[in-house]
Amino acid sequence: MTPIESEARYIQPTYTRQPITLTRGSGTRVWDADGKEYIDCLAGIAVNVCGHCHPKVVKAIQKQAATLIHTSNLYYTEPQIKLAEELINLTGLDRIFFCNSGTEAAEAAIKLARRTTGRTGFIATENSFHGRTLGALSLTHKEKYRTPFEPLVPGVSFVRYNDADAIAEAITPETAAVFLEAVQGEGGIHVADTEYLKEVRELCDSQDVLLILDEVQTGFGRTGAWFAYEHYGVLPDIMIMAKALGGGFPIGAMASRNDLQFERGDHGTTFGGDPLACAASLATIDVIRSEDLIERSKTLGAYLLNRLQSIGSLAGNRVREVRGMGLMIGMDFESGCSDLVDLTRERGVLLNCTADTVLRFLPPLVITKQEIDQVLSVIESLE
Ligand code: PLP
């Protein structure tokens, strides 16, 4: 059986996969089992910020794997403490909880908000995506993901994105926190307006409600800053991150203010912050910094956005809008865009289609201008 046939036979059918088997990656490129080369403009869905198999990340993983892979959290380990210090420096927050994925980071934030406020209400937004475990799913807007698993965690209300008044109206004495993405990813690349996050921050302060920002997709340079909230000049009370944090190695984290603390035994996970994951993450952060990838995300992102904005239609499908920040860009079409994903893949560029109509660009931040021009020529060949 081919891997595609075996998958159909042995794996739970939760994913719609593109019909190629990837066998190797290097930098911005991946190769399939037939040896065909692609420019990976999705980067494992905003994960491989340093590209595939960056030598520094590979070396750090190899070195740590030969030294100490896993200990549990019953002991202290240096990589975990070092990474916590890095994340505190980068986020401006005070304490870290480590886990293994974005959805787990969302669960930690939900529990911390409940624990520290004594309240159980949350306000999330239309088109939000915070994960698939039951708590995170309860904050995720899409009916298709939610309905088969109801009843979900109660107490969540959804309001229009980019509408601070809607949040003001939804706050009740039971509200623990507002849960937001500064740029909505899975929901179709919707960017928060300049004043929106500021107004929400002020509202949360005046109403004694926590502001939780989900930087799982936007974090680590994706939007042209370490974190998207920097563009808005606000600091959340709790922030969650995952995806690019490990440069491809699974790790998630929640950062929070010092006065928001769990008590011993309140929360935990066996693998969270293990030495191997933390070593991969430390190397990833080092590469982002030493290769100036944040500046690259900002300038090449602006270039790509501008060029894509001059395109009126692809394969007969009219463009409604092109939106984004840094190297997180979506082309929103009048109708479904999965056929465009097939067409670009056949021409050697990997993309995906999110929220049905949005062709999403999340290339590794190490991509060069020349490679972006190559991607653009593939896209423009469909005009
Ligand atoms: N939050 C956001 C903004 C995401 O984009 C995602 C995943 O796409 C998640 C949370 C969930 O992360 P994970 O898939 O690692 O559980």
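Which residue has a polar backbone atom 2.8 Å from an oxygen atom of the ligand? In this predicted model, the residue is glycine 102.

## The ligand and its surroundings

Two further contacts involve side chains. Aspartate 214 places a polar side-chain atom 2.6 Å from a nitrogen atom of the ligand. Glutamine 217 has a polar side-chain atom 2.8 Å from an oxygen atom of the ligand. The ligand by itself would expose 380 Å², and the protein buries 82% of that area.

The shell around the ligand consists of two nonpolar, six polar and four charged residues. Among its members are Ser101, Gly102 and Thr103, together with Phe129, His130 and Gly131. Glu181, Glu186, Asp214, Val216, Gln217 and Lys243 also belong to the residues around the ligand.

## A network of salt bridges

Side chains of opposite charge can pair when their charged atoms come close. The model contains 23 salt bridges. Five residues, Arg201, Asp205, Asp237, Arg257 and Asp259, are joined in a network of such bridges.

Within this network, arginine 201 pairs with aspartate 237, and their closest N and O atoms are 3.0 Å apart. This pair connects distant parts of the chain, since its members are 36 residues apart. Arginine 201 lies in helix H9 (residues 194-207), whereas aspartate 237 lies in the loop between strand E10 (210-214) and strand E11 (238-241). Both arginine 201 and aspartate 237 are buried.

Another bridge in the network joins arginine 257 to aspartate 259, with an N to O distance of 2.6 Å. Are these two residues buried or exposed? Aspartate 259 is exposed, because its relative accessible area of 51% is over the cut-off of 50%. Arginine 257, at 28% relative accessibility, counts as partly exposed, because this class covers values between 20% and 50%.

## A salt bridge within one helix

Lysine 369 and aspartate 373 form a salt bridge in which the closest N and O atoms are 3.3 Å apart. Where do these two residues lie with respect to each other in helix H13? Lysine 369 and aspartate 373 are four residues apart in this helix (residues 369-380), so about one helical turn separates them.

Lysine 369 is partly exposed, with a relative accessible area of 41%. Aspartate 373 is also partly exposed, at 27% relative accessibility.

Notes: Residues are numbered from 1 along each chain as its sequence is written. This is a predicted model: local features need pLDDT of at least 70, side-chain atom pairs count only at pLDDT 80 or more; totals for chains, interfaces and linings use all residues. Side-chain values use heavy atoms; hydrogens and water are left out. A salt bridge is a side-chain nitrogen of Lys or Arg within 4 Å of a carboxyl oxygen of Asp or Glu. Buried means under 20% relative accessible area, exposed over 50%, partly exposed in between (1.4 Å probe, protein chains only). A residue is near a molecule or strand if one of its heavy atoms lies within 4 Å of it. A polar contact is a pair of N or O atoms within 3.5 Å; within protein, one must be able to donate a hydrogen and the other to accept it, and residues adjacent in sequence count only if both atoms are side-chain atoms. Accessible areas come from the Shrake-Rupley method with a 1.4 Å probe; for residues, only the protein chains shown count as cover. Ala, Val, Leu, Ile, Met, Phe, Trp, Tyr, Cys and Pro count as nonpolar, Asp, Glu, Lys and Arg as charged, and the others, Gly among them, as polar.
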